[in-house]
Amino acid sequence: MSFEQDPDVQKKGFSRRGLLKGIGVTSGVGLLEKGAEAQTTANVQGPGEVPITLNLNGKPVKVAVEPRTTLLDALRDKLDMTGAKRVCDRGTCGACTVIVDGKAMYACTMLAIDAQGRKIRTIESLAAGANPHPMVKAFVNHDAQQCGYCTPGFVMAATNFVERSATASLTEDQVKDGLGGNLCRCGTYMGIRKAVVEAAKEMKGARNA
Amino acid sequence: MPNYSWPPMDQRKVMGKRISRTDGVVKASGRAKYASDLNRPGMLYAALLSCPYAHAKVRSVDTAEASKMPGVKAIRVVSPAGTEIQWAMTEVAVVAAETEAQAKDAVRKIKVDYEVLTDHVVEDVEVAKVGARAKPSGEQVTGDVDAAFKESDVVSEGWYGIPVLTHCCLEPHGQVIEWKGEKMEYWPSTQNVSGLAGDLGRSLQFPAANITVHMDHVGGGFGSKFNSDRWGMECAQLSKESGRPVKWFLDRAHEVVIAGVRPSAYAKIKLGAKKDGTILAWESESWASGGFAPSGMPPIPYVFGNPGSGIPNRRMKHLGVSLNTAPQRAWRAPNHPQASFLTCSALDDLAAKLNMDPLELFLKNLKYTPRPETYEKQFKKAAELAEWKKLWKPRGEQKGAIRRGLGIGINQWAGAGHASTCRVKIHPDSSVEVELGSQDLGVGTRTVIGQVAAETFGLPMSAIKVKIGENAYPSSGASGGSTTVGGVCSSTRKASVNALEKLYAAVAESLGAPADQLEAVDGRIQVKGNAAKAMPWKAACQKLGVNSITAEGENVPKQAAREGLNSAGAAGVQIADVTVDTETGVVKLNRLVAVQDCGLVVNPKLAESQVYGACIMSICGALMEERIMDEITGRVLNADMEFYKLAGIKDIGEIVVHMDIAPEHDKRGVIGLGEPPAVGGVAAIANAVSNAAGVRVPTVPATPDRVLNALARRNA
């Protein structure tokens with residue numbers, strides 16, 4: 001469940017938690033080396049746009065991006081998938097959270113070319129409309145949003161947190177620990193705590209049924 | 001004249017209920033399209049070059065090389081040669097290119113020659129250091145201050161400070177603009193849908209009537225998004241020059257630095273009081289900066305300085321400080337959080353000096369406030385919820401390293417509804433549309449409008465289609481001053497009643513009763529009180545034949561109080577409970593209690609969200625958040641979200657919200673809520689920290705260094 005214990009995270013992209021851990025245990029040089037390693041994806045040369053294929057929400061999607069384009073900008077500017085938001089643009093706020101190979105990631109700190117061959121889930125994969133995904137529904141029930149700009153990132157981080165948790169009965173304290181990588185300016189945390197506890201019951205209950 | 005008054009409190013079926021926000025799913029599922037999400041065909045992206053110096057003159061701007069860069073379609077010089085720049089990150093030039101990366105590449109090729117002026121001043125915490133940058137802005141005297149201090153049994157003195165904050169909206173300022181000949185399409189991120197075309201049109205000398213403004217959602221504003229701004233004007237020019245739609249949203253660093261700050265406030269305050277805590281005299285010397293333009297005096301003494309009945313003897317001097325920093329913008333309750341913090345800190349220190357429980361001292365002096373009975377009731381409720389009697393200990397009485405403390409803050413706000421016109425349409429197919437040129441900053445504007453219309457028509461929420469976010473709809477005020485809910489609810493009520501009158505006229509004959517004897521209840525039009533003589537809503541609408549009903553209703557602020565739909569005058573109190581580690585200086589918020597009235601509460605669920613959010617914003621301001629300037633370079637050091645600290649989900653402790661919903665408040669109609677609960681929290685937390693630490697921590701945020709410094713000064 002913990003990002004810190006996952007060597008994969010630091011190798012293939014950064015989460016805020018992974019980055020902080022990295023600073024704690026390695027020198028700055030070590031971090032740069034890891035960043036460089038992450039960029040050595042085969043068959044991609046710039047500086048112009050190159051064709052890549054992303055596995056997005058279960059479907060292969062072809063897109064042309066510059067090697068320097070982040071996954072977030074590719075989603076938003078090239079694919080019109082704008083649920084993930086660009087807010088801090090440097091791995092602090094979590095508004096761009098997507099799920100990559102089953103783990104919540106900041107799409108602003110991952111290059112699109114590095115996302116090839118990995119399973120990417122965005123907020124657009126969660127049901128909306130009259131019968132929304134349990135996490136979306138719980139966010140609405142508990143009014144866990146105001147302006148709503150951070151909300152899709154929170155919903156994705158929360159969904160991933162619940163999916164990876166061992167139990168359907170989460171406490172609000174566990175939710176606080178699990179969602180420390182996202183920030184809200186309107187101050188919707190009280191509703192979010194309750195929403196995630198409620199959604200966990202439905203998500204895990206559905207799986208066990 | 002139709003009767004527009006609200007249905008009696010106990011007879012409402014939709015208003016006053018805990019209804020979930022109607023656009024909740026579209027937002028939480030990422031489907032909502034904000035202006036910054038738009039991708040128009042052929043759209044260009046803009047990137048900004050700004051000045052790295054806090055004070056400089058532009059000698060020349062050379063865009064020749066930049067204009068030859070790949071993808072570049074238009075370049076605008078915003079600060080041409082000869083411009084004197086007064087704060088770092090002022091806009092100098094902007095490039096529009098096929099991709100954002102190309103625009104940024106081109107920005108790096110623009111050559112600007114500056115004459116750097118090294119006389120900048122960017123910090124005002126020590127007023128003695130700013131020299132001529134501090135300008136007196138008058139002295140206010142009431143009563144005989146010197147005599148009152150002589151008469152006082154106790155005189156308490158202190159100094160207090162609250163720094164500059166930035167709005168840090170998560171959706172940055174910006175827009176997409178498509179200028180096509182005589183027409184312009186404008187998708188801004190704004191608090192001012194109805195007013196923005198006029199603002200941009202004036203800047204561009206372009207007819208506002210030809211500017212169409214669209215905005216479905218806005219990602220935060222907090223008072224900083226009322227105008228089209230320089231980026232709106234230049235974005236339009238880039239679109240005109242390139243013949244393409246252009247998207248320009250500020251990056252995070254510019255958003256933090258130039259898109260809005262809250263002014264600072266510092267004050268030395270002296271209070272004189274009798275032994276029983278009755279305050280006789282107030283004297284203050286304050287200073288504040290809102291950027292290059294100085295900032296005025298916060299309204300001190302806050303709440304206790306009520307005109308006509310406030311602290312009787314007062315002398316206030318103020319200095320406005322001009323800094324080389326970006327300009328202030330309205331920030332959720334302009335100058336009130338600062339005033340509350342300064343005033344409540346001084347009162348808390350007076351209580352400590354008198355060895356008096358500060359709750360008693362606040363209660364003792366409520367006669368100086370505009371609404372003594374309300375505040376007394378609220379203080380008692382808040383004290384009960386915060387377990388004041390059990391948990392409060394006199395300042396300095398605790399001995400261990402880890403100490404708990406409680407503190408008090410207070411708020412007041414006007415919040416009467418703004419000018420707003422609503423258009424309601426009832427169609428023969430029975431559908432209802434409600435249109436206003438308003439916006440939802442996160443309050444739930446669509447939801448409360450829908451509740452008022454549904455209540456009036458006796459229909460479920462699902463039967464009402466609420467349409468906002470277009471300047472083609474009737475004009476509604478900007479969302480500032482907590483005026484939106486009062487304004488749009490009142491205009492919606494009037495438009496709905498007016499539409500209903502027309503529907504009654506259409507069906508009166510069929511029901512065999514005069515139109516003024518009909519009512520709309522539970523999906524029917526019926527003779528008043530007689531469900532047997534009724535017609536389903538759908539059948540009633542069919543009587544319209546092929547013509548829809550259109551009716552308007554207007555909230556006119558000068559008439560509103562008389563009509564009783566909305567009025568001014570919210571009040572609230574907050575009590576904070578913190579733990580301070582006196583060895584590390586770390587402050588932990590245990591609990592923040594907020595008791596708040598806002599008149600008639602249209603939707604308690606959404607209202608509570610506003611108060612929760614305002615409390616969390618107060619926690620940020622009291623414990624974490626501040627703009628940090630580098631005095632050598634004159635630049636903001638924390639222009640990002642890693643070091644411009646906002647609270648995360650784990651940092652906020654428990655928050656207890658009690659909405660003061662009561663007949664005596666309800667009868668005053670709707671009163672705005674966005675701002676008042678964002679006022680008193682900083683004061684409450686700062687007082688709780690001082691109570692726990694055993695010494696006044698004079699400036700916020702109460703970061704570990706400030707707490708330890710305060711403790712060290714006491715021990716020195």
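Two residues count as being in contact here if their C-beta atoms, placed from the backbone, lie within 7 Å. Keep that in mind as we look around this structure, which is a predicted model.

**Starting from one residue**

Let's begin with B:Val448, which sits in helix 12 of chain B, a helix covering residues 445–457. Is B:Val448 buried or exposed? A residue is called buried once 20 or more other C-beta atoms lie within 10 Å of its own. B:Val448 has 28 other C-beta atoms within 10 Å, so it is buried.

Who are its partners? If you skip the neighbours within four places in sequence, B:Val448 is in contact with B:Val485, B:Cys489, B:Val602, B:Asn603 and B:Leu606. There is also a link back to a distant part of the sequence: B:Thr22 is 426 residues away along the chain, yet the C-alpha atoms of B:Val448 and B:Thr22 are separated by 9.2 Å.

**Helices side by side in chain B**

Now for helix 18 of chain B, which spans residues 681–693. Here is how it packs with helix 8 and with helix 16 of chain B.

| Helix pair (chain B) | Angle | Axis separation | Crossing |
|---|---|---|---|
| Helix 8 and helix 18 | about 30° | 8 Å | right-handed |
| Helix 16 and helix 18 | about 50° | 8 Å | right-handed |

What do those angles tell us? Angles under 35 degrees count as roughly parallel. With an angle of about 30°, helix 8 of chain B is therefore roughly parallel to helix 18 of chain B. Helix 16 and helix 18 of chain B, at about 50°, are therefore oblique to each other.

You can pick out the residues that do the touching, too. On the helix 8 side of the first pair they include B:Phe341 and B:Asp348, and on the helix 18 side B:Val682 and B:Ala686 are among them. That contact divides into six nonpolar residues, four polar and one charged.

In the contact between helix 16 and helix 18 of chain B, helix 18 brings B:Gly681, B:Val682, B:Ile685 and B:Ala686, while the helix 16 residues include B:Ala614, B:Ser618 and B:Ile619. By class, this contact has eight nonpolar, three polar and no charged residues.

**The nonpolar core**

Which residues have the most contacts inside the largest nonpolar core? They are A:Ala107, B:Ala46, B:Val95, B:Ile619, B:Ile685 and B:Val689, in a core of 292 residues. Helix 16 of chain B, residues 604–623, gives the most to this core, with twelve residues.

Take B:Ala46 as an example. Not counting residues up to four places away in sequence, B:Ala46 touches a whole set of residues, including B:Val94, B:Val95, B:Cys235, B:Leu238 and B:Trp248.

**Over to chain A**

Chain A has eight helices and five strands. Read along the sequence, they follow the pattern α-α-α-β-β-α-β-β-β-α-α-α-α. Of the 209 residues in chain A, 55% count as buried. As for contacts in chain A between residues at least 6 apart in sequence, 61% join residues at least 24 apart.

Where do the chains meet? 46 residues of chain A are in contact with 46 residues of chain B. Helices 5, 6, 7 and 8 of chain A each give two or more residues to the side of chain A that touches chain B. Helix 8 of chain A has the largest share, with five residues. By class, this side of chain A has 22 nonpolar, twelve polar and twelve charged residues.

Technical notes. Residues numbered from 1 in each chain as written. Chains lettered and ligands numbered in written order. Predicted model: local features only at pLDDT ≥ 70, side-chain atom pairs only at ≥ 80, totals over all residues. Helix = DSSP H or I, 4+ residues; strand = E, 2+ residues; numbered from the N terminus. Buried ≥ 20, exposed ≤ 12 C-beta atoms within 10 Å, placed from the backbone. Nonpolar A, V, L, I, M, F, W, Y, C, P; charged D, E, K, R; others polar. Axes fitted to C-alpha atoms, helices over the stretch in contact; angles between N-to-C directions. Parallel < 35°, antiparallel > 145°, perpendicular 65-115°, else oblique. Left-handed = near helix turned anticlockwise from the far one by under 90°. Core = buried A, V, L, I, M, F, W, Y, C linked by C-beta atoms within 7 Å.
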